[in-house]
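Biologist: Pick one part of this model and take me through it closely, then follow it outward into whatever it connects to. Give me your cut-offs as you go, please.

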Amino acid sequence: MVFERNAPKMAVVVAGSSGVPKSGFVEVLVRELWHKVLANLNEEALTLSCEEGDGVSDNVNSNGVTNGSYLDNNNTNSNNGPQTVRTAFTDLPERVPEAIANRKRCVKVCKQEIGGLGISIKGGKENKMPILISKIFKGLAADQTQALYVGDAILSVNGMNLRDATHDEAVQALKRAGKDVTLEVKYMREATPYVKKGSPVSEIGWETPPPESPRIGSPPITSPSSSDPSNPTTQPSLSPLGDRRCIPLKMCCVTRAMTTPDPENRQLELHSPDARHTVVLRCPDQPSALSWFSAMHSVTSTLAQRALAEVIQDTARTGIGSREIRHLGWLAGKTESEKQSWRPVLVVLTEKDLLLYDSLPRSKEAWQGPEHTYPLLATRLVHSGPDRGSPHSGTELYFATRTGTRLGIETHLFRAETTKDLSLWTRHIVNGCHASAEMIKEVTTSCMYQSQECRLVIHYEQGFSVLADPKLDDGENGDAGGAHTPTRPRVLLSYPYEKLKMSSDDGVRMLSLDFGGKEGEIQLDLHSCPKPIVFILHSFLSAKIARLGLVA
């Protein structure tokens, strides 16, 4: 889609000390083209509209010449404009006299004291289009001539050639033209589809949750006193106006350079909670990009805390399964094999698990089905800090987790957007692993030791034990045909943590433990991949060291 012009402009920013509200000009990527829009940020939403101060938009504002505005004789905008307008939908091609089609005409227009020329323009050299009249405001100067049409290409203004003019050059020429203006025009029937096109923001898609899948924290219908996020009076949503989009920021993911290359480091991305829509914004320079990102990140962080409280309240009775939520938020994530492919991941920490969702769940049932579930007890944080392998070394903050599973080790990389986020997430994960160890206390798995079926028990306080299978012991020692009392499992080995000198595994099924005892190195066949037990062992040790006030 080609709309207006796409050259970057300096932003005009208005912001409070807290970073919101904030407004200014940015560019939005629509159909692989950049379009300048006015962005307004508040505590709930980001609004994008085609209300610019230099003649790009079809709307009126008070910052100067705009498309769709009308100039008075002092070349200033008035906000008291007419309410009706001629567009390509009213000036249909078949209603334009055949005699004027594709013929040059000179039309004299006398600017009014209020309203100026009363036209709106589109196109320009940068869009490979002529300067086209896209709107004519009824009752104003251009309309009163009854000789101009939507779809007329303006070839010159008072003799000044506009055939190769940019959009801004055409705007300035019209502003400087004086009261009496002679327009050389030519009606272009083939340009009708172009001037019919809406503003670029009209093509911005965003999530609209269905009624049966309310937003998180949405109260039941029987609770009129609560705020209903599906109610447009309480929840920001997409405006039905084609030239404006109001994007709710609650549980929206705000990132830098995740899906679109950003060599100049002046873009930011908004990803919808359902992970189906992305809005890419480009700022005039790096400082303004950082300012916008910081403001939006602050808003989304505040809203995420509110959402967390709502989710905890909403799932308080049952939790997620039997798990209580401790922290949640969006991160950029990828697996170890996806070297160049970051994607938004909703990360949820419960008291026992690390849960990964590819989108925000909209029901209690959806919360029960994460894309991945990793026990914190079998998960460890293996790196935290600048991404040394990234194209912009030292600019990306990321951490990695490794989880021991029955299929081996699964590694996930996560990228945080700020050092505060990085610190918050890594602290939550490490503390969560330690808390999980203290809560679970004991893990038992079957194994084979010296050709005998046994059980390996790892206890948070007591250390390691290898127990003979009680069923086998009962079968061997019980009297045939008579009743017997189950006996305690026979302890084959028992060692505290401090006796462990070395551990290793073959990654397939064998675990080796060396306690320096007379048995020498103990070989245990775990019947499956030993990695979960190895990681659990590490978590118990790490938690015990942390409990002593040391760093694991």
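Modeller: Let's start at S301, which sits in helix α4 (helices are DSSP runs of H or I with at least four residues, strands are runs of E with at least two, and both are numbered from the N terminus). Before going on: this is a predicted model, so local features need pLDDT of at least 70 and side-chain atom pairs count only at pLDDT 80 or more, while totals for chains, interfaces and linings use all residues. Numbering runs from 1 along each chain as its sequence is written, and side-chain values use heavy atoms, with hydrogens and water left out.

S301 has 26% relative accessibility, so it counts as partly exposed (buried is under 20% relative accessible area, exposed is over 50%, partly exposed is in between, with a 1.4 Å probe and protein chains only). Its C-alpha is 9.6 Å from that of D421, even though 120 residues separate the two in sequence.

What brings S301 and D421 together in this story is a pocket. The second largest pocket has a volume of about 500 Å³. H297, T300, S301, A304 and D421 are the closest to its centre among the 25 residues that line it. For the method: on a 1 Å grid over the protein atoms alone, a pocket is an open set of points where a 1.4 Å probe fits, with protein on both sides within 12 Å along at least five of seven lines, and a lining residue has an atom within 4 Å of a point. Points are joined across faces, edges and corners, and the volume is the space filled by probe spheres set on them.

Which helix gives the largest share of that lining? α4 does, with seven residues. At least two residues each come from β13 (253-255), α4 (286-314), β16 (325-335) and α6. By class the lining splits into eleven nonpolar, ten polar and four charged residues (Ala, Val, Leu, Ile, Met, Phe, Trp, Tyr, Cys and Pro are nonpolar, Asp, Glu, Lys and Arg are charged, and the others, Gly among them, are polar).

From α4 there's a path to the loop between β12 (244-248) and β13, where L249 sits. Beyond its neighbours within four places in sequence, L249 is in contact with L41, E44, A45, L46, V299, T300 and L303 (contact means heavy atoms within 4.5 Å). T300 is one of the residues closest to the pocket centre. L249 is buried, at 0% relative accessible area. Its C-alpha lies 8.3 Å from that of S272, 23 residues along the chain.

M251 belongs to that loop between β12 and β13 as well. Here's a backbone oddity: M251 isn't a glycine, yet its phi is positive, about 60°. Most residues other than glycine have a negative phi. M251 is also buried, with 3% relative accessible area.

Now over to α6. The axis of α6 (residues 419-440) comes within 9 Å of the axis of α8 (residues 531-547), and the two cross at roughly 100° (axes are lines fitted to C-alpha atoms, for helices over the stretch in contact, with angles from 0 to 180 degrees between N-to-C directions). The two helices are therefore roughly perpendicular, a label that covers 65 to 115 degrees. On the α6 side, H434, A437 and E438 meet S539, F540, S542, A543, A546 and R547 of α8. That contact has four nonpolar, three polar and two charged residues.

Next comes K441, in the loop between α6 and β23. It also touches F540, along with I458, H459, Y460 and E461, leaving aside neighbours within four places in sequence. K441 is partly exposed at 32% relative accessible area, and 9.5 Å separates its C-alpha from that of Q462, 21 residues away along the chain.

Past β23 (442-449), the loop to β24 (452-459) holds Q450. Q450 is another non-glycine with a positive phi, about 50°. Unlike buried M251, Q450 is exposed, at 65% relative accessibility.

Zooming out, the chain has eight helices and 29 strands. Buried residues account for 51% of its 552 residues. Of the contacts with a separation of 6 or more, 57% are between residues 24 or more positions apart.

Methods. Angles under 35 degrees count as roughly parallel, over 145 as roughly antiparallel, 65 to 115 as roughly perpendicular and the rest as oblique.
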